[in-house]
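Welcome! Here are some short exercises, each with a worked solution, to help you find your way around a new structure. Take your time and try each one before reading on.

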Amino acid sequence: MSEVAVGAKRVPAIRLQHGEKVLVLSDIHFGLRRNGLLATKFRELEGFLARLAEDPPSLLVLLGDVFELWTARVRDVVGTAVAPLRRLARVSSLVAYVVGNHDKVVARLSGRAPYSVDNLLVVPELLVLDVAGRRGVLFHGHQLDWKFTSLRGLWRLEPYIYVFSETLSVLPGPLEWVLAATYAALTPALLYLTRGAPLAYRALALASAPLLAAPLLLLLLRSLQASAWYDLIQPLAERLTRGRLRGHAISTEAVGRPLRRFIRELEAAGLGRVDFVVFGHTHVPGLAADEEGRVVVNAGSWVEERGLPSCTFVRIRGGEVELAQWSGGSEVTLARRPL
């Protein structure tokens, strides 16, 4: 592995030798529930990884949102991830984990540089891949979504909310709610106790209100996420907002416009010509070429969703990219194109 300069950042780059192959999975969302049922296809993934161990690729890329670390309970995340990760441990490949928006915690929240442990490489933003003289960029895909580009770094508050609320939830019984409500009740108590006090003390008591109310607000937000986020709020927001990506194919302008802009920015920042792009995030698999001859691939997801194929993946080998699906214990090729 080497690094290339992209603006002020150093981005990891991997060059494949002749005959080596890459396999890319995205959006597994371990622990995700919808309508109270597990939506992640973790059993299918376990079978896929068992087969993969027989003929492992040189590089296995996990392209973000592998763990559902926004809305899922830790017990569901662990419960669905154990068996597939046990199979993954038997795959003798270099594993590059390019984090997404739902599993930013894996990159240490504020981490900006990649780090490696044994044969695992954790990449906070994007990975550069050189295959047969062709240069590709692999990233999760939330970088194209206006919700994240408009909010800039504010969206990273979500992982902090998740970590803090899950920490509260380990308290026995409903104690986290009692503790959170007690903290919230301290604000009026402080205002009452500081009545008649100097203005500075009154201002300090008032300024403490957001901090003291934060635990209760975070618990309420997590409860709302668990019961309504994916089934009600997100679908409604996607209908009402412009430029949404979820549910859109790579052939649409909703995806194509921000993707072209993103690639131009990378090329202008010193990366040079990008010949192919692999991303996820939208959960809509696809393989096509843009007007500049660049190959564009969306790896899809391993989530049960109405109207969309699941258990899809990307394979790159011999100067060719393939979009395939794991179905009924075997692989089905959906599309194939030379790089």
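**Exercise 1.** Decide whether Val170 is buried or exposed.

*Solution.* Keep in mind that this is a predicted model. Start with the relative accessibility of Val170, which is 64%. The cut-off for exposed is over 50%, so Val170 counts as exposed. Next, place the residue: Val170 sits in the loop that links α4 (157-169) and α5 (175-193). Finally, look for a partner far off in sequence: Val74 is 96 residues away along the chain, yet the two C-alpha atoms are 9.9 Å apart in space.

**Exercise 2.** Now do the same for Ser26: is it buried or exposed?

*Solution.* The relative accessibility of Ser26 is 0%. Buried means under 20%, so Ser26 counts as buried. Its place is the loop between β3 and β4 (33-34). Then check its surroundings. The side chains of Ser26 and Asp27 are joined by a polar contact of 2.5 Å. Beyond its neighbours within four places in sequence, Ser26 touches a group of residues including Leu63, His140, His281 and Trp302.

**Exercise 3.** Work out how α1 and α2 are oriented relative to each other.

*Solution.* Two packed helices are described by the angle between their axes and the distance between the axes. For α1 and α2 the angle is about 10° and the axes are 8 Å apart. Angles under 35 degrees count as roughly parallel, and α1 and α2 are therefore roughly parallel to each other. From α1, the contact is made by Phe42, Arg43, Leu45, Glu46, Leu49 and Ala50; from α2, by Thr80, Ala83, Pro84, Arg87 and Leu88. Sorted by type, these contact residues comprise seven nonpolar, one polar and three charged.

**Exercise 4.** Find which element gives the most residues to the largest nonpolar core.

*Solution.* The largest nonpolar core has 31 residues, and Leu25, Phe30, Phe48, Phe67 and Trp302 have the most contacts inside it. Elements giving two or more residues to this core include β3 (21-25), α1 (42-52), α2 (74-88) and β16 (320-327). Of the elements, α1 gives the most, with five residues. To see one core member close up, take Phe67: setting aside neighbours within four places in sequence, its contacts include Phe30, Val77, Leu85, Tyr97 and Val106. A second, separate core has 26 residues, among them Leu16, Val98, Leu127 and Ile316.

Terms used
Residues are numbered from 1 along each chain as its sequence is written. This is a predicted model: local features need pLDDT of at least 70, side-chain atom pairs count only at pLDDT 80 or more; totals for chains, interfaces and linings use all residues. Side-chain values use heavy atoms; hydrogens and water are left out. A nonpolar core is a set of buried Ala, Val, Leu, Ile, Met, Phe, Trp, Tyr and Cys residues joined through side-chain atoms within 4.5 Å. Buried means under 20% relative accessible area, exposed over 50%, partly exposed in between (1.4 Å probe, protein chains only). Helices (H or I, at least four residues) and strands (E, at least two) are DSSP runs, numbered from the N terminus. Contact means heavy atoms within 4.5 Å. Axes are lines fitted to C-alpha atoms, for helices over the stretch in contact, and angles run from 0 to 180 degrees between N-to-C directions. Angles under 35 degrees count as roughly parallel, over 145 as roughly antiparallel, 65 to 115 as roughly perpendicular and the rest as oblique. Ala, Val, Leu, Ile, Met, Phe, Trp, Tyr, Cys and Pro count as nonpolar, Asp, Glu, Lys and Arg as charged, and the others, Gly among them, as polar. A polar contact is a pair of N or O atoms within 3.5 Å; within protein, one must be able to donate a hydrogen and the other to accept it, and residues adjacent in sequence count only if both atoms are side-chain atoms.
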